[in-house]
Amino acid sequence: MNNYRVPKIESYGRLFVCIVLFGAFHSCVPTKTLKQEDKSLPETYRALSNDTLNTAKTKWREFFSDPYLVSLIDTALVNNQELNIMLQQIDIAQNEVKARKGEYLPFIDVNAGADIEKVGEYTRNGAVEKNLNIREDEEFPEPLTNYSAGIFASWELDVWKKLRNSKKAAVMEYLATVEGKNFMVTSLIAEIADSYYELIALDNQLAIIEQNLEIQGNALRMVRLQKQAARATELAVRRFEAEVLKNQSHKFEVQQQIVETENKLNFLLGRNPQKINRNSQNFIESEIDTMYAGIPAQLLQNRPDIRKAEFELEAAKLDIKVARANFYPSIGIKAGVGLQAFKPKYLTETPQSLLYSAVGDLVAPLINRNAIKAVYNTANARQVQAVYEYEKSILQGYIEVTNQLSNMENLKKTYDLKARQVEALTESINLSTQLFQSARIEYIEVLFTQREALESKMELIETKRDQLVARVAIYKALGGGWN
């Protein structure tokens, strides 16, 4: 606190030197043209309807009608570890905004202190204190104590908006983090729905295998009877036994897939392995709702990943302004006012114990500006990167929607044909069994018919699963699921 013993006042005049020097500094500041983003999109998807009705606006609770699936998603949105990590990232980004906002506000500190000092008598300070009285007949105390209390402030004038642009960039990064969380929610909901439909499909495949094992068991008993009546050979019996064993082993494979899919869901839900409650009935009869894609321009507002890239691009533009402001002079003001005396009782005596100071600083880079040039060039390169990322996310979103629209259309046609195939092969099982009993066909035809019927039923279940998964995929591609 000794530096406040003598009031110190510095002129404000040098604060305005920056106005004179600005022209010189401005001429030395590099300038690069910003790369502009291209966010143009076709008016419609593959020359389809330009109706603006969009399924992405549907809330996920209304989009999914299965109460078991809704319950799973609710649990995941609370317990999923990755999502909770992202929520902490949002808090970090929010705190960064507060920190940068505080940088362009004045810093005010309260200071109080006390010290004691004994200087040598044969020194300048010692000689002054020895020969100079504080008052008439009152010498400097030895040792000399010092008590002080005051308020001191410092403030960097944000003339070039460096600090404010830095704060705005932090806001954009915060908003980008929020959109990143929204995109994670969309992806998480889609992954849970996909796994849920996979689990139900496996349940139905397991039921089909068990039904087929019953049919094959009946066929095996029939062949054994045919052999006893000398109407079939041991080869036929062995081939039917092998087919039964093959499907029994397949049954265990499907059971293992069910366990792994349940545990995958449990992991997404952030809990230990346990049974997943589900409704596997009427899976094949599940209706596929009509999906409304709207128009491509709606992707810019509906998809969180595109919005995230947009905010990151805006932050990159602001970072360039911040980096460019480093070339200009920085102007700071420091001021303080307080009381100082060598005895506490004199602290209240003013103006004798009053101290104050005011200092203005002007600092500007003049020579060896390679570091700030490198920062500026890096900011420009990152802005170009952000443009490409933004354009890539727009293109990716459009292609994803286009692919899924085509996928849903083709899956519908595939399902209709496979349903007719299953119907035909199911009828052929009874026909082949009757023909074999009457010795009009060989056993091998019965085997092939049963095998083809089983495969067609399994494929039909997989196609239905793919339809439901495609429905979720287009919902996600359109930007639904996060609201």
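A residue counts as buried when its relative accessible area is under 20%, as exposed when that area is over 50%, and as partly exposed in between. The exercises below apply this cut-off and others to a predicted model.

**Exercise 1. Classify the two partners of the salt bridge between glutamate 179 and arginine 307, and state which helices they join.**

Step 1. The side chains of glutamate 179 and arginine 307 meet at 3.1 Å, N to O, and a salt bridge requires such a pair to lie within 4 Å.

Step 2. Glutamate 179 belongs to helix α6 (residues 162-228) and arginine 307 to helix α9 (residues 304-325), so the salt bridge ties together parts of the chain that are 128 residues apart in sequence.

Step 3. Arginine 307 has a relative accessible area of 19% and is therefore buried, and glutamate 179, at 7% relative accessibility, counts as buried too.

**Exercise 2. Check whether the span of helix α7 agrees or disagrees with its number of residues.**

Step 1. Helix α7 covers residues 234-268, which makes 35 residues, and the expected span is 1.5 Å times one less than that number.

Step 2. The expected value is thus 51 Å, whereas the end C-alpha atoms are 52 Å apart, so the two agree.

Step 3. Just after α7, glycine 270 takes a positive phi of about 70 degrees.

**Exercise 3. Describe the salt bridges that glutamate 234 and lysine 412 form within their helices.**

Step 1. Glutamate 234 pairs with arginine 238 at 3.1 Å, N to O; because these residues are four apart in helix α7, about one helical turn separates them.

Step 2. Glutamate 234 is partly exposed, with a relative accessible area of 32%, and it is linked with Arg224, Arg238 and Glu241 in a network of salt bridges.

Step 3. Lysine 412 meets aspartate 416 at 3.6 Å, N to O; these two residues are also four apart, in helix α10 (residues 370-437), and so about one helical turn separates them. Aspartate 416, at 37% relative accessibility, counts as partly exposed.

Step 4. By the same distance rule, the count of salt bridges comes to 22.

**Exercise 4. Set the radius of gyration of the protein chain against that of a compact globule.**

Step 1. For 483 residues a compact globule would have a radius of gyration near 23 Å, but the protein chain has 40 Å.

Step 2. The C-alpha trace, taken along its principal axes, spans about 140 × 50 × 40 Å, and the chain holds 11 helices and seven strands.

Step 3. Buried residues make up 40% of the 483 residues.

Note on methods
Residues numbered from 1 in each chain as written. Predicted model: local features only at pLDDT ≥ 70, side-chain atom pairs only at ≥ 80, totals over all residues. Heavy atoms only, no water. Buried < 20%, exposed > 50% of the residue type's maximum accessible area, 1.4 Å probe, protein only. Rg over C-alpha atoms; globule rule 2.2 N^0.38 Å.
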